[in-house]
Amino acid sequence: MTSTETTTPSLDVMDDLDWWGLKYTAVRVALELDIFTTIAAGCSTHEEIAEKIRASKRGTRILLDVLCPLGLLRKAQGVYFLTPTSEAFLVRGKPTWCTDAYLVIWRDRDKLMQAVRMGTATLDIPGPTAEDLWANWAAPALLTWPRSAETARERWTQLGITEDTRPGWLVLDVACGSGVGSFVLAQADPKTRVFALDFPKVLAIAFQVAEMMGIREQVNFCPGNLLTDEFPDEQFDVVLFGAILYYFKSDDVTATLRKAYHALKSDGLVVIRSLIADEERCQNEKALLVALEIFHDAPHGEVYTFSEYKGVLETVGLKDVTQWGEFLISAKK
């Protein structure tokens with residue numbers, strides 16, 4: 001831009017944020033009031049719902065109405081109905097209920113200014129006390145696994161990892177969550193075995209997913225912690241890390257990847273799923289927003305750049321580090 005060029009200021013970004021904020025606030029209040037569970041229990045008019053949640057009739061009606069275009073309620077002749085999404089995921093007691101996972105994070109965001117000022121996290125998401133939260137995050141996979149499986153198959157194909165690459169793989173899925181990401185490899189090859197490592201309550205979800213995917217006998221479920229547990233030496237063809245490493249400080253990431261290196265066979269692969277920040281940390285909006293989230297959710301978390309991951313992977317002995325979208329792949333050679 002030359003000295004004679006000017007840019008007209010715009011409030012578009014502020015206006016967009018205002019609308020997004022209104023949507024977020026409406027849904028959060030609905031979750032706080034447990035409106036979806038109330039409707040599932042048989043209350044269907046705004047008067048009935050207001051009485052049950054001990055709120056004003058007018059305020060309840062206005063809140064219920066705005067949830068309709070957001071896709072969380074339907075309304076016909078003054079009667080409110082759940083949508084498939086709200087019925088599956090937002091009704092307390094359903095096996096796929098995940099409201100707590102959202103509310104814990106959303107409530108914690110109220111403390112972001114405190115976290116920025118003090119430089120300390122207000123939650124400890126990667127810690128053992130967060131096991132229930134991780135299980136709540138994994139629960140929707142009991143319904144969503146078919147779509148997730150399709151996406152996972154496409155990603156493995158893009159990475160050059162298919163049943164034709166090497167049959168009978170042994171896969172270590174670290175912090176496996178629902179397990180879908182590695183279970184599709186077992187679906188494609190009956191000789192492939194997966195060792196799924198995570199908290200016990202999360203593994204209970206993964207167990208059910210494995211049964212639904214028809215590969216339960218190909219999976220070993222390993223309760224444990226990626227920081228404190230040792231990995232078997234020279235056993236695995238692939239060590240897979242889901243979206244987990246950015247919750248830890250660089251020293252712990254290095255130590256964990258070193259364990260992964262020793263766990264691999266001589267020509268094995270480490271695959272990391274992670275949002276990756278651009279080198280200047282100023283362009284990848286999603287990665288930078290996650291970095292802000294992690295800052296107040298994990299005491300030592302950080303979203304790393306490609307060069308930072310590459311440096312750590314090469315330090316522990318891995319080679320040929322490449323990036324495919326949100327995936328990094330490197331080899332032990």
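The dialogue below deals with a helix pair and a pocket in a predicted model.

Student: Why are α1 and α6 called oblique to each other?

Tutor: Helix α1 (residues 12-32) and helix α6 (residues 99-109) pack at an angle of about 120°, with their axes 11 Å apart. Roughly perpendicular covers 65 to 115 degrees, and roughly antiparallel begins over 145. The angle of about 120° fits neither range, and α1 and α6 are therefore oblique. Their crossing is left-handed.

Student: Which residues make the contact of α1 and α6?

Tutor: From α1 come Tyr-24, Val-27, Arg-28, Leu-31 and Glu-32, and from α6 come Thr-99, Leu-103, Trp-106 and Arg-107. Contact here requires heavy atoms within 4.5 Å.

Student: What classes of residue are in the contact of α1 with α6?

Tutor: Five are nonpolar, one is polar and three are charged. Arg-28, Glu-32 and Arg-107 belong to this contact, and Arg and Glu count as charged.

Student: What makes a residue part of the lining of the second largest pocket?

Tutor: A lining residue has an atom within 4 Å of a pocket point. For this pocket, with a volume of about 420 Å³, the residues are Val-13, Asp-16, Leu-17, Trp-20, Gly-21, Tyr-24, Trp-106, Arg-109, Glu-285 and Leu-289.

Student: Which helix gives the most to the lining of the second largest pocket?

Tutor: That is α1, with six residues. At least two residues each are supplied by α1, α6 and α13 (285-297).

Student: How many residues of the lining are polar by class?

Tutor: One is polar, beside six nonpolar and three charged residues. Gly-21 is in the lining, and Gly counts as polar.

How values were computed:
Residues numbered from 1 in each chain as written. Predicted model: local features only at pLDDT ≥ 70, side-chain atom pairs only at ≥ 80, totals over all residues. Heavy atoms only, no water. Axes fitted to C-alpha atoms, helices over the stretch in contact; angles between N-to-C directions. Helix = DSSP H or I, 4+ residues; strand = E, 2+ residues; numbered from the N terminus. Parallel < 35°, antiparallel > 145°, perpendicular 65-115°, else oblique. Left-handed = near helix turned anticlockwise from the far one by under 90°. 1 Å grid on protein atoms, 1.4 Å probe; cavity = no way out; pocket = protein on both sides within 12 Å on 5 of 7 lines; lining within 4 Å. Points joined across faces, edges and corners; volume = space filled by probe spheres on them.
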